[in-house]
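Visitor: I'm new here. Could you show me this structure and explain the words people use for it?

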Amino acid sequence: ICVLFNLALLAISNRFLEPVWGTVEYVKFIVVVNVATYSLNLVIYFVGYVALREESFLYAPFCGGQGLLAGILVGLKQLIPDHVMIRAVPAVRVRHLPLCSFIAALFLMLMRVTGLRYLTVTIGGLASSWIYLRYFQIRDSGRGDFSDALSLASFFPESAQPHVIKYSSAVSSVVDGMLQKRQASKTVDLNTFSTNVNIIADPVSERRRQIALQALNERLQKTDDVDWPSSDSEPEPAAAEDAV
């Protein structure tokens with residue numbers, strides 16, 4: 001069942017995300033989200049085993065599609081945030097799906113339908129995909145997506161967003177500023193590198209120009225040594241008398 005679910009999930013995500021991101025970026029997203037999600041859960045369950053000495057933490061099974069499903073919802077939120085999924089009052093849009101997946105995982109855990117691992121894997125998928133898309137995804141405009149549609153506050157209900165912005169704006173502004181300055185410095189370094197290459201190449205160009213001028217001067221000197229007939233000279237009359 002888990003394998004079939006993963007295949008269906010990959011088919012759905014391939015239909016929407018791969019044409020926009022490209023095959024390489026799409027595969028990179030899948031690998032990053034899966035590795036980051038289960039690495040985080042490995043740390044969480046190891047710490048839980050050390051703290052509680054509960055052996056069930058060491059043998060907890062995981063399904064590979066849970067974290068990726070949460071990550072794909074974040075990817076869809078980036079591409080089509082205002083698309084209506086359920087026409088109701090209020091309408092459920094794509095930007096609400098990551099929060100809905102977290103609430104569903106929390107509800108299923110509290111109802112003892114699923115265990116803690118389903119919630120932790122969902123949180124890991126949401127967090128890893130957001131961090132990757134927000135700060136590291138390669139786009140035409142640069143690295144990362146710093147739009148408001150992918151801000152941290154946008155994952156919360158609208159009533160809670162002002163409070164989230166209040167407490168997270170300081171940290172997010174510092175991180176966003178550092179990464180944007182890093183991108184700007186890379187651009188400046190690239191421009192400086194190209195300028196330095198031109199400066200280094202200038203002596204070579206100057207040498208070639210001097211060689212070309214020298215060759216041109218030599219040709220002009222050879223041309224001056226040739227005795228060209230003067231335009232002022234008149235033809236000898238002897239030739240005309242012989243003809244008569």
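Guide: Here is a short tour of the chain, then two of its residues and a surface patch. This is a predicted model, where local features need pLDDT of at least 70 and side-chain atom pairs count only at pLDDT 80 or more, while totals for chains, interfaces and linings use all residues. Residues are numbered from 1 along each chain as its sequence is written, and side-chain values use heavy atoms, leaving out hydrogens and water.

Visitor: How many helices and strands does the protein chain have?
Guide: The protein chain has 8 helices and 4 strands, counted as DSSP runs (H or I, at least four residues, for helices; E, at least two, for strands) and numbered from the N terminus. Along the sequence they go α-α-α-α-β-β-α-α-β-β-α-α.

Visitor: Why does Leu7 count as exposed?
Guide: Exposed means over 50% relative accessible area, buried under 20%, and partly exposed in between (1.4 Å probe, protein chains only). Leu7 has 52%, so Leu7 counts as exposed. You'll find Leu7 in helix 1 (residues 2–16); its C-alpha atom is 8.8 Å from that of Gly65, 58 residues away along the chain.

Visitor: And why is Val47 called partly exposed?
Guide: Val47 has a relative accessible area of 49%, so it is called partly exposed. Val47 sits in helix 3 (residues 23–52).

Visitor: How much of the protein chain is buried?
Guide: Buried residues are 25% of its 244 residues.

Visitor: What share of contacts in the protein chain joins residues at least 24 apart?
Guide: Counting contacts (heavy atoms within 4.5 Å) between residues at least 6 apart in sequence, 61% join residues at least 24 apart.
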